[in-house]
Amino acid sequence: MVNKYKVRAYCSSRLCDYVQHDDVIQAINGETSYALALHYNESPAKPSCPKCGEAMSFYSHSVIDEPWLP
Ligand SMILES: [Zn+2]
């Protein structure tokens, strides 16, 4: 079983449900992905939501690779 740790972006506006489908970055472990998400959230040059224009927020998440899938 292999865990993958990734950072994803979503819209920070409560009125908008936009979530970026592509991962922002893939990290080597949970601590790194958490630190990267924090780093992106503190960045002054955050990308804006393509749907409503609000700033994007970042969060870390992990994915468990299913070994029986290609
Ligand atoms: Zn939005």
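Here is a walk through this structure, from its overall layout down to the residues packed inside. Keep in mind that what you're looking at is a predicted model.

Start with the big picture. The protein has 1 helix and 3 strands, and if you read along the sequence they come in the pattern β-β-α-β. The C-alpha trace spans about 40 × 25 × 15 Å along its principal axes. Of the 70 residues in the protein, 17% count as buried. As for how the chain folds back on itself, take the contacts between residues at least 6 apart in sequence: 60% of them join residues at least 24 apart.

Now for the sheet. The 3 strands form an open sheet in the order β2-β1-β3, and the pairing is antiparallel. That leaves β2 (25-27) and β3 as the edge strands, each pairing on one side only. On average, neighbouring strands here are turned by 30° against each other, ignoring direction.

Let's take the two pairings in turn. β1 and β2 run antiparallel and are joined by 3 bridges. Within this pairing, K6 stands opposite Q26 in β2, while Y5 has A27 of β2 as its bridge partner. On the other side, β1 and β3 also run antiparallel, with 10 bridges joining them. One spot to look at there is C11, which stands opposite M56 in β3.

While you're at C11, check its surroundings. Setting aside neighbours within four places in sequence, C11 is in contact with C16, Y18, C49, K51, C52, E54 and M56. So M56 turns up both as the residue opposite C11 and on the list of C11's contacts.

Next, the helix. α1 lies across β1, β2 and β3, and runs at about 165° to β3. Does its length make sense? With 13 residues at 1.5 Å a residue, α1 should span 18 Å, and its end C-alpha atoms are indeed 18 Å apart, so the two agree.Which residues of α1 are buried? They are S33, A37 and Y40. These three cover an arc of only 65° around the axis, which puts them on the same side of α1. Their cover includes β1, β2 and β3. Turn to the face of α1 that points away from this buried side and you'll find the exposed residues E31, H39 and E42.

That brings us to the core. In soluble globular proteins, nonpolar side chains tend to be buried together. Here the largest nonpolar core has 10 residues in all: Y5, V7, A9, C11, A27, A37, Y40, C49, M56 and F58. The elements giving two or more residues to this core are β1 (2-11), α1 (30-42) and β3 (56-65), and β1 gives the most, with 4 residues.

Several residues from earlier come back at this point. Y5 and A27, the bridge partners between β1 and β2, are both members of the core. C11 and M56, which stand opposite each other in β1 and β3, belong to the core too. From the helix, A37 and Y40 are among the buried residues, and both of them are core members as well.

Methods: Residues numbered from 1 in each chain as written. Predicted model: local features only at pLDDT ≥ 70, side-chain atom pairs only at ≥ 80, totals over all residues. Core = buried A, V, L, I, M, F, W, Y, C linked by C-beta atoms within 7 Å. Buried ≥ 20, exposed ≤ 12 C-beta atoms within 10 Å, placed from the backbone. Contact = placed C-beta atoms within 7 Å. Pairing = 2+ DSSP bridges. Axes fitted to C-alpha atoms, helices over the stretch in contact; angles between N-to-C directions. Arc of directions from axis to C-beta.
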